[in-house]
Amino acid sequence: MRPPESVSRGFSRRTVLTAGGLILASGAGALGTANPATARQVNARPTRGPGTDETLVWRAWGPLAGYGVDPECNPGGTSSLPCGAGDVSITSTAHYSEVTANPRGITTFVNAIGRIKFSDTTPDHRPISLATYHYAYSIRLPLVPSPSTAPELPEQTHQMIQFWDGSNRLWNADQHTLEAATFWKLNPWDPNFGKIFAYTMADGNLTAHDTGIILPPDTSWHRFEVMADLARRTYVGIAVDGRWHPLTGLPLASIHHPDWGPDLTLILSAESENAWPGNDPIVTRWTTQYKDPQLSRLRHA
């Protein structure tokens with residue numbers, strides 16, 4: 001079987017990308033690609049909780065309590081394959097949830113966006129604000145993707161804090177989101193297999209920033225964390241398995257949504273993508289397991 005053509009296609013990203021429209025930036029953070037850090041395995045229970053300068057906002061041990069799932073069909077406008085609400089799913093056991101892209105196993109390309117949405121206030125009854133937020137969850141792959149696991153082939157997984165101010169109450173958003181969005185590249189044909197990137201902006205373009213972190217895919221539980229300073233519109237850093245990597249000053253992604261409403265919302269995501277099926281499409285699908293989501297806020301923010 002020939003590989004899905006993700007190597008030449010590049011990275012997909014919700015609705016705003018066209019083929020070749022995403023810039024891949026070299027690692028400019030503390031670790032860079034010349035000397036990448038390899039993340040270490042931890043158990044399912046998170047080892048990094050809110051620090052002394054943080055307040056716990058919300059936590060759900062086990063499954064992704066309160067999460068729904070939305071499809072993002074043909075991300076990046078790279079295909080016109082049939083796709084709809086039935087092409088994503090979220091299911092839960094007593095211990096974790098599974099977010100699946102293409103559960104029916106048809107020829108399609110879709111991001112399964114598992115998400116929980118807080119409007120106006122967070123679960124601790126505090127107003128959503130331009131604070132510094134810290135989002136964490138545990139993640140596990142059901143198998144290690146390789147060319148021989150077809151049709152179980154992923155493109156990548158996503159973790160995101162998304163902030164939307166549709167009425168410009170807190171800042172002059174002008175119909176743009178602020179997003180701390182990271183992804184773990186899992187397409188087995190991609191030269192970036194196992195690398196973790198953060199979406200950012202460069203010269204007005206959405207850009208994939210190489211964090212320098214490599215997590216070789218396995219079937220163990222891993223803890224992913226991202227922290228965003230919404231007031232400064234920058235990342236603070238990310239962590240994998242309790243190992244912290246500053247991204248000081250790296251701009252958050254900002255996506256234009258002229259069709260969204262006037263609400264003030266904070267959205268947390270846990271996403272799966274099936275691999276791009278290629279120009280001569282094959283069937284690909286993917287499930288990611290998630291548990292123990294947690295949100296905290298820096299107390300001084």
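Buried means under 20% relative accessible area, exposed over 50%, and partly exposed in between. The exercises below apply these cut-offs to a predicted model.

**Exercise 1. The disulfide**

Task: Find which cysteines are joined by a disulfide, and place them in the fold.

Solution:
- Step 1. Count. The structure holds one disulfide.
- Step 2. Identify the partners. Cysteine 73 is joined to cysteine 83, with an S to S distance of 2.1 Å.
- Step 3. Check the cut-off. A disulfide requires sulfur atoms within 2.5 Å. The 2.1 Å between cysteine 73 and cysteine 83 meets that requirement.
- Step 4. Place the partners. Cysteine 73 lies in strand β4 (residues 68-73), and cysteine 83 in the loop between β4 and β5 (88-92), so the link ties together parts that are ten residues apart in sequence.
- Step 5. Assign the hand. The angle about the S-S bond is -70°, and the link of cysteine 73 and cysteine 83 is left-handed.
- Step 6. Classify the accessibility. Cysteine 73 has 30% relative accessibility and counts as partly exposed. Cysteine 83, at 25%, is partly exposed.

**Exercise 2. Aspartate 124 and arginine 297**

Task: Describe the salt bridge of aspartate 124 with arginine 297. Is arginine 297 buried or exposed?

Solution:
- Step 1. Set the scene. A search of the whole structure finds nine salt bridges. Aspartate 124 with arginine 297 is one such pair, and their closest N and O atoms are 3.1 Å apart.
- Step 2. Place the partners. Aspartate 124 is in the loop between β7 (110-119) and β8 (132-140), while arginine 297 is in strand β17 (residues 286-298). The bridge therefore ties together parts that are 173 residues apart in sequence.
- Step 3. Classify arginine 297. Its relative accessible area is 3%, so arginine 297 is buried.
- Step 4. Classify aspartate 124. At 24%, aspartate 124 is partly exposed.

**Exercise 3. Two further salt bridges**

Task: Work through the pairs glutamate 152 with arginine 285 and arginine 232 with aspartate 229.

Solution:
- Step 1. Take glutamate 152. Its side chain meets that of arginine 285 in a salt bridge of 2.5 Å, N to O.
- Step 2. Place this pair. Glutamate 152 sits in the loop between β8 and β9 (154-165), and arginine 285 in the loop between β16 (264-274) and β17. The two are 133 residues apart, and the pair links distant parts of the chain.
- Step 3. Classify arginine 285. With 28% relative accessibility, arginine 285 is partly exposed.
- Step 4. Turn to arginine 232. Its salt bridge with aspartate 229 is 2.7 Å, N to O.
- Step 5. Classify both ends. Arginine 232 is exposed at 65% relative accessible area, whereas aspartate 229 is buried at 7%.

Conventions
Residues are numbered from 1 along each chain as its sequence is written. This is a predicted model: local features need pLDDT of at least 70, side-chain atom pairs count only at pLDDT 80 or more; totals for chains, interfaces and linings use all residues. Side-chain values use heavy atoms; hydrogens and water are left out. Helices (H or I, at least four residues) and strands (E, at least two) are DSSP runs, numbered from the N terminus. Buried means under 20% relative accessible area, exposed over 50%, partly exposed in between (1.4 Å probe, protein chains only). A salt bridge is a side-chain nitrogen of Lys or Arg within 4 Å of a carboxyl oxygen of Asp or Glu.
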